[in-house]
Amino acid sequence: MKLPTPPPCFKKLFSALFIACLAMPLHADSWPQAEVGAEAAGFTAEGIERLDDAMREIVANQDVAGMVWMLGKDGQIATFEAAGLASVDDQTPMTKDSLFRIYSMSKPVTGVAMMMLWEQGLWDFDDPISKHVPEFANLKVLVSYDNNGNVELEDLERQPTMRELMSNTAGFAYGLFGNDPANQAFREQEVLASSDLNELIQKVAAIPLMAQPGEQWYYSIGMDIQGYIVEQLTGMSFGEYLRQHLFEPLDMMDTRFYVLPEDVDRFAQVHYWDAERNTLAQQAERPDRPSYLDADRLESGGGGLVSSTHDYARFIQMLVNNGELDGVRILKPESVRIMSTNSLTGDEDMRYGIGGPGQPGQGWGVDMAVLYDPQAAGSPQGPGTYYWAGAAGTSFWIDPVNDIFWLSMIQAQGPRRPGAANMGEVARDIIYESLAE
């Protein structure tokens, strides 16, 4: 029996519904979906237009291939836009649903996981790290070295504490920079390319600390160690703990340590400035690290997560709301306060931060930086603004005084276009100039 041909109006309706379904955001029931507008969020319309234009100009100038940006205030989204390309090779457009390697923006996520377990009484700030990682009981400390390969080590004067692990003052190296024996060992032993956290811990236990515990601030492997501690305290893999206790409750289901096969088309590529061709070029996949498409890759709490703008905005707003979002409480307000309060004494020097010396007025809380003196830093942000960034350029900051957050998602690493704009400073200055009186 031949079915009747549907009338033209039905065909048009079906086509319209199909196109509408394709256009629907992947998180149709979950804030944030779209901007409410400048005035509704406490900014001037002219200011937000200038901000959006500035971000689009940065893309047009090839300072970055593509970008998604979001500005929120008082729980309202002033702007949520995308521009440019996610892949210059394929000419794939950047979209609001693009996925990003967030690298070190994984660190605050790890800090939240640790604070959740702290609230349960499973660890204490004054615990020696070796209480939870016995392999660290007999760590050595680097005293001196020379160009002839002579290295002097000494024993620990005392065990480093969990407080020092959370604040990057335990003395661990990282391998991202530095030609000292500790950082060289991180690179030679490929600590960050370990197959799992157990292997990572075994490697780190054999590498000396950069200094005695509490003496100095070193950007470190500490957050990867914290991921291992989460596993020891919960009996779960780090990724599974995050999924069950953080990502699912917050509807952050784009966030994980790898990219699902069905999401590969959403995964933005990393770009750099090719000086010979005078244009942006797409980076090849790193041969020394497992692919982001590999579900078994290292669950790195220091730099391994993939996320979307939607997901990370929900994570940020949870912190803005002192630990709660949409009726789901992740942390107590006290825990958020601890995370976002400078814990350094002033004797430490954050000169080993990414990109060189730490700026005046900058300290460290739990797994993220804190701007405790904006005036000294030359910033219009409120005191207590906390923030961090990723190695491929993703960044966020939260100003609790003015109830503002900024989130920018890009994928750029390596050489930049000569004269490229400082995107973070451009956005920050326009944002504060755009506050409605």
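**Figure 1. Helix α7 is followed by G235, a residue with a positive phi near 75 degrees.** Welcome to the first close-up of this predicted model. The helix just before G235 has 13 residues, which should span 18 Å at 1.5 Å a residue, and the end C-alpha atoms of α7 are indeed 18 Å apart. Of those 13 residues, 10 are buried, so α7 is largely enclosed by the rest of the structure. If you would like to pick them out, look for G222, M223, D224, I225, Q226, G227, Y228, I229, V230 and E231. What do these buried residues pack against? Their partners are the helices α3, α4 (162-166), α6 (197-205) and α8 (238-247), together with the strand β12 (362-364).

**Figure 2. Helices α3 and α7 pack against each other in a left-handed crossing.** Here we stay with α7 (residues 222-234) and bring in α3 (residues 106-119); their axes are 10 Å apart, at an angle of about 35 degrees. On the α3 side, the contact is made by K107, T110, G111, A113, M114 and L117. Facing them from α7 are M223, Q226, G227, I229, V230, L233 and T234. Sorted by class, this contact between α3 and α7 holds 7 nonpolar, 5 polar and 1 charged residues. When following either list, it helps to remember that an α-helix has 3.6 residues a turn, so residues three or four places apart point the same way.

**Figure 3. Helices α2 and α12 pack at an angle of about 170 degrees.** The pair consists of α2, residues 45-60, and α12, residues 423-433, and their axes lie 9 Å apart. Are the two helices roughly parallel or roughly antiparallel? An angle over 145 degrees counts as roughly antiparallel, and α2 and α12 therefore run roughly antiparallel to each other. From α2, the residues to find are G47, R50, L51, A54, M55 and I58. They meet M423, V426, A427, I430, I431 and E433 of α12. The residues in this contact of α2 with α12 comprise 9 nonpolar, 1 polar and 2 charged.

**Figure 4. Helix α9 is largely enclosed by the rest of the structure, because 12 of its 12 residues are buried.** This helix covers residues 309-320. From its first C-alpha to its last, α9 reaches 16 Å, close to the 16 Å expected at 1.5 Å a residue. Its buried residues are T309, H310, D311, Y312, A313, R314, F315, I316, Q317, M318, L319 and V320. Keep an eye on what comes afterwards, too: α9 is followed by N322, whose phi is positive, near 60 degrees.

**Figure 5. R417 sits in the loop between β16 (404-409) and α12.** Which residues does R417 touch, once those up to four places away in sequence are set aside? You will find N61, Q62, D63 and W273 in contact with R417. Another useful landmark is L280: it is 137 residues from R417 along the chain, and the C-alpha atoms of the two are separated by 8.2 Å.

**Figure 6. E248 belongs to the loop between α8 and β7 (271-274).** With a relative accessible area of 38%, E248 is partly exposed. Neighbours within four places in sequence aside, E248 is in contact with R243 and M253. For a sense of scale, try locating G178: it is 70 residues from E248 along the chain, and their C-alpha atoms are separated by 38 Å.

Technical notes:
Residues numbered from 1 in each chain as written. Predicted model: local features only at pLDDT ≥ 70, side-chain atom pairs only at ≥ 80, totals over all residues. Heavy atoms only, no water. Axes fitted to C-alpha atoms, helices over the stretch in contact; angles between N-to-C directions. Helix = DSSP H or I, 4+ residues; strand = E, 2+ residues; numbered from the N terminus. Parallel < 35°, antiparallel > 145°, perpendicular 65-115°, else oblique. Contact = heavy atoms within 4.5 Å. Nonpolar A, V, L, I, M, F, W, Y, C, P; charged D, E, K, R; others polar. Expected span 1.5 Å × (residues − 1). Buried < 20%, exposed > 50% of the residue type's maximum accessible area, 1.4 Å probe, protein only. Left-handed = near helix turned anticlockwise from the far one by under 90°.
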